[in-house]
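Me: I want to learn how to read the packing of two helices. Where do I start?

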Amino acid sequence: MSLQTLDRTRWSFAEALAHVEAVTIARRATEAANMPPAPEPVYPHWHQPEDPKVRWKKEAETELLVALRDGDLVAQGRFTKERTPWRIPGNSTGFDLHSGYHTSIRPEEWREGRYSFGRLTALEWEFIDIRIPRFVVLAIWPEAVAVDVRASNDDAEEAYTTPYLELMQAAIATFGISARYQCKKELLSDWFQEQKVEGEPLSQNLADAMATLIRQPSAQRGGAKRITGPDLRRAS
């Protein structure tokens with residue numbers, strides 16, 4: 001790339017972070033779409049599942065800060081070492097008289113300071129109005145388009161299921177049932193009777209049947225095994 005045509009536009013930290021978040025969310029959504037389907041866990045009404053985008057945004061912020069701390073990105077900011085003897089409204093760090101022009105922020109300063117609310121603050125200094133080269137951010141995190149979960153499977157027919165099958169999968173996930181661990185049928189049956197399908201509770205017979213079907217056939221045979229031996233009955 002010719003230096004004369006190089007785009008030297010600088011993003012603010014917030015603009016760079018927004019881009020990295022968009023790329024990370026698109027990448028993670030694509031990965032999630034390509035993973036095999038898993039049963040939806042059943043959550044109590046007081047505990048709602050976390051939106052995965054919240055976790056992905058936190059991951060994006062960590063990636064951006066790591067790139068700055070490792071020197072892969074070189075940002076600039078307005079520097080000061082001056083502390084004001086009085087409190088400035090809206091300024092909780094106590095630093096004032098920041099430089100009017102931007103200077104480079106070294107990786108060691110990113111590791112020493114703490115970034116919060118648009119400021120990189122350490123014990124003896126502070127940077128504000130942080131700017132990051134746009135072309136470097138795009139080189140590390142190329143622009144991506146979010147992928148719809150069903151976009152890659154438009155031609156395929158959606159797998160058929162029923163509320164009863166979904167409820168049975170939920171029970172398997174809730175109780176951690178596996179080939180090695182078989183939960184008691186009575187406990188499963190009681191749980192099924194507490195659930196509702198299309199607003200209606202399950203009957204005792206249906207709950208017992210579903211509790212039976214999600215367990216291994218070998219687990220259905222209870223009781224002591226019959227042992228054959230000689231007939232000890234007294235002959236008449």
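Reply: Start with orientation. In this predicted model, H5 and H6 are oblique to each other.

Me: How are two packed helices described, and at what angle do H5 and H6 pack?

Reply: The angle between the two axes and the distance between the axes describe a packed pair. Here helix H5 (residues 163–175) and helix H6 (residues 185–194) pack at about 125°. Their axes lie 11 Å apart. Angles over 145 degrees would count as roughly antiparallel, and 65 to 115 as roughly perpendicular. The pair is therefore oblique. H5 passes H6 in a right-handed crossing.

Me: Which residues in H5 and H6 meet?

Reply: From H5, they are Leu167, Met168, Ala170, Ala171, Thr174 and Phe175. From H6, they are Leu187, Leu188, Trp191 and Phe192. The residues of this contact comprise nine nonpolar, one polar and no charged.

Me: Now H6 alone. Which residues of H6 are buried?

Reply: Leu188, Ser189, Trp191 and Phe192 are buried. Viewed down the H6 axis, they fall within an arc of 160°, so they line one face of the helix. The cover over the buried residues of H6 includes H5 and helix H7 (204–213).

Me: What is exposed on the other side of H6?

Reply: Glu186 and Glu194 are exposed there.

Me: And the whole chain? How many helices and strands does the protein chain have?

Reply: The protein chain has eight helices and ten strands. Of its 236 residues, 28% are buried. Take the contacts between residues at least 6 apart in sequence: 67% of them join residues at least 24 apart.

Conventions
Residues are numbered from 1 along each chain as its sequence is written. This is a predicted model: local features need pLDDT of at least 70, side-chain atom pairs count only at pLDDT 80 or more; totals for chains, interfaces and linings use all residues. Side-chain values use heavy atoms; hydrogens and water are left out. Axes are lines fitted to C-alpha atoms, for helices over the stretch in contact, and angles run from 0 to 180 degrees between N-to-C directions. Helices (H or I, at least four residues) and strands (E, at least two) are DSSP runs, numbered from the N terminus. Angles under 35 degrees count as roughly parallel, over 145 as roughly antiparallel, 65 to 115 as roughly perpendicular and the rest as oblique. A crossing is left-handed if the near helix is turned anticlockwise from the far one by less than a right angle, and right-handed if clockwise. Contact means heavy atoms within 4.5 Å. Ala, Val, Leu, Ile, Met, Phe, Trp, Tyr, Cys and Pro count as nonpolar, Asp, Glu, Lys and Arg as charged, and the others, Gly among them, as polar. Buried means under 20% relative accessible area, exposed over 50%, partly exposed in between (1.4 Å probe, protein chains only). The arc is that of the directions from the helix axis to the C-beta atoms.
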